[in-house]
Amino acid sequence: MAKDATKNILLRLDPELAERLQTVASVEGRSVSDVAREAIAALVDQRRQDTQFSRLLEENLSRHEESLRRLRSDD
Amino acid sequence: MRYLGPYDVLAVAARVLRCSSADAVLRTDLNAVERVLDSVRLTSGLAESAGVMLAGLVRSRPFDAANRVVAVAVVLQFVSLNRAELQLEPVADVDELLDRIAAGEASYREAGVFIRSRLEHRPVKPEDLQDDLRLELLLSEETLTFDVEQEWWRGVRMYEQFSDPARRVIVLAQEEARGFDHAYVGTEHLLLGLITEGQSIAARVLNAVGITAPAVKDLVVEIIGRGNGAAEGSIPFTPRAKSTFEYAWGESKARGAEQVRPEHLLLGVLNDRDGVGGQIITKLAADIDQVRRKLEERMTWRERSESLVTGMLAEGASWTTYGRRHHLIHELTALLDENERLHEQVANLRDLLRRHEIDPDS
């Protein structure tokens, strides 16, 4: 995939949310993509703060650390 | 099954790539992730779903660095959220599979078969079931219409009110369903759970009327047969089983009990005569009403004894410390159990006398 600093994102948004993003973007003078990215990042942050989710993730990464480190790179 | 959403995938990517959530959004092709997750949602079994996810993420390379590691970490997270563990060692085999997937030589099916061979399911615990049951009942709420009071207690509150023995019954019912390779937990499995739990009033009553685990198992095979394979992780409940929980909850409330106990669950199974559990009781005990009467009789003994104990403890509140009260409750509970056991023996002896045409009261 291209390693550009920014890129356009196409997300399937419900019309109400898309409209709200559009409003925020026009009020703040930013692009809709920019506002959408920020909103997505906030939702990802929320996920990372979920106790059960993050506990399982940390357990997985610590248990499989050595195996994951030895996986061949595909970069 | 718990499916992953794009935010879950991004959260794993951010952690593996050690970057902020905002960076993870920038460094991920969200459309590719969405496409893969859409394909996963079309699958059903955990191994197949994980295979589609792994193959999709490896082929479409949505992450701008360490794509393979992030893809595997996402699959590990998906599998563990569904109460299973994926073994990565020997890792050389995983690499070989991923190489073949990337080259288009291995399909998602092959990935699924590989994952199945490396998958270990964690035993289901009562706390896992609490989440499942809550989720299932909430899903039912979405499709059915209930009045306000029912909505208040259904799902969210119900399982939290189950006593530890009642939760054990449900865990055992899951194990029984798995033993038959059934893809659901029905009232017949709940009945078996009640019998194998063994300690409750419900178990004793069932034992007293001759409803034993081997006899019930034979009838389950006769009526339903064996299944084609239990679901991975926790097994869903049938609508009848859920109605049994609701009935049990209603009975516990009506009787002023603080928790739903195994005996309330048995009342639920007895109430649903058309359910497989009810049919089995009718076949084995001949008179299902007699079983209910016996159970209610024992429950009344227990309620009376408990209220006596509560009264005694309240009277002694001024002279007893917390430690002594705790010890007393333990001792009195043991005494109540022994009392019930003696009651049962006396009842059995009276039955025996009657069968030999001797009046037990003469």
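**Close-up views of a predicted two-chain model**

The buried residues of helix H1 of chain B pack against H2 and helix H3 (51–63) of chain A, and also against H2, H3 and H5 of chain B. The model shown in these views is predicted.

**View 1. Helix H1(B) is mostly covered.** Eleven of the eleven residues of H1(B) are buried. They are Pro6(B), Tyr7(B), Asp8(B), Val9(B), Leu10(B), Ala11(B), Val12(B), Ala13(B), Ala14(B), Arg15(B) and Val16(B). The charged residues Asp8(B) and Arg15(B) are thus listed among the buried ones. After H1(B) comes Arg18(B), which has a positive phi, near 50 degrees.

**View 2. Chain B meets chain A through 35 of its residues.** On the other side, 28 residues of chain A take part in the contact. Chain A consists of four helices and zero strands, in the order α-α-α-α along the sequence. Of its 75 residues, 16% are buried. In chain B, the elements that give two or more residues to the side touching chain A are H1, H2, H3, H5 and H6. H5(B) provides the largest share, nine residues. By type, this side of chain B holds 22 nonpolar, five polar and eight charged residues.

**View 3. The largest nonpolar core has 53 residues.** Met53(B), Leu54(B), Val74(B) and Val75(B) touch the most other members of this core. Two or more residues each come from helix H2 (32–48) of chain A and from seven helices of chain B: H1 (6–16), H2 (21–26), H3 (30–41), H4 (46–60), H5 (67–81), H6 (91–102) and H7 (108–117). H5(B) gives the largest share of the core, ten residues. Beyond its neighbours within four places in sequence, Val75(B) is in contact with Ala50(B), Met53(B), Leu54(B) and Leu86(B). Another core, of 38 residues, lies apart from this one and includes Ala202(B), Leu266(B), Val269(B) and Leu295(B).

**View 4. Helices H4(B) and H7(B) cross at roughly 125 degrees.** Their axes come within 7 Å. The two helices are therefore oblique to each other, and their crossing is right-handed. On H4(B) the contact involves Ala47(B), Glu48(B), Ala50(B), Gly51(B), Val52(B), Leu54(B) and Ala55(B). On H7(B) it involves Tyr108(B), Arg109(B), Ala111(B), Gly112(B), Ile115(B) and Arg116(B). The contact residues comprise eight nonpolar, two polar and three charged.

**View 5. Helices H13(B) and H16(B) cross at roughly 120 degrees.** The axes of H13(B) (residues 213–223) and H16(B) (residues 276–285) come within 10 Å. This angle makes H13(B) oblique to H16(B). The crossing is right-handed. Ala215(B), Val216(B), Leu219(B) and Ile223(B) of H13(B) meet Val276(B), Gln279(B), Ile280(B), Lys283(B) and Leu284(B) of H16(B). Seven of these contact residues are nonpolar, one is polar and one is charged.

**View 6. Helix H15(B) is largely enclosed by the rest of the structure.** H15(B) spans residues 262–271, and nine of its ten residues are buried. The buried residues are Pro262(B), Glu263(B), His264(B), Leu265(B), Leu266(B), Leu267(B), Gly268(B), Val269(B) and Leu270(B). Leu266(B) and Val269(B) are also among the members of the core of 38 residues. For chain B as a whole, 39% of the 362 residues count as buried.

**View 7. Glu89(B) and Pro90(B) are joined by a cis peptide bond.** The omega angle of this bond is about -5 degrees. Pro90(B) sits in the loop between strand S1 (84–86) and H6 of chain B. Chain B has two strands in total, alongside 18 helices.

**View 8. Ala66(B) and Asp181(B) have positive phi angles although neither is a glycine.** Phi is about 45 degrees at Ala66(B), a residue of the loop between H4 and H5 of chain B. Ala66(B) has 19 C-beta neighbours inside 10 Å and so counts as partly exposed. Phi is about 60 degrees at Asp181(B), which is found in the loop between helix H10 (164–179) and helix H11 (187–197) of chain B. Asp181(B) has 12 C-beta neighbours inside 10 Å and so counts as exposed.

Definitions and conventions:
Residues numbered from 1 in each chain as written. Chains lettered and ligands numbered in written order. Predicted model: local features only at pLDDT ≥ 70, side-chain atom pairs only at ≥ 80, totals over all residues. Core = buried A, V, L, I, M, F, W, Y, C linked by C-beta atoms within 7 Å. Buried ≥ 20, exposed ≤ 12 C-beta atoms within 10 Å, placed from the backbone. Contact = placed C-beta atoms within 7 Å. Axes fitted to C-alpha atoms, helices over the stretch in contact; angles between N-to-C directions. Parallel < 35°, antiparallel > 145°, perpendicular 65-115°, else oblique. Left-handed = near helix turned anticlockwise from the far one by under 90°.
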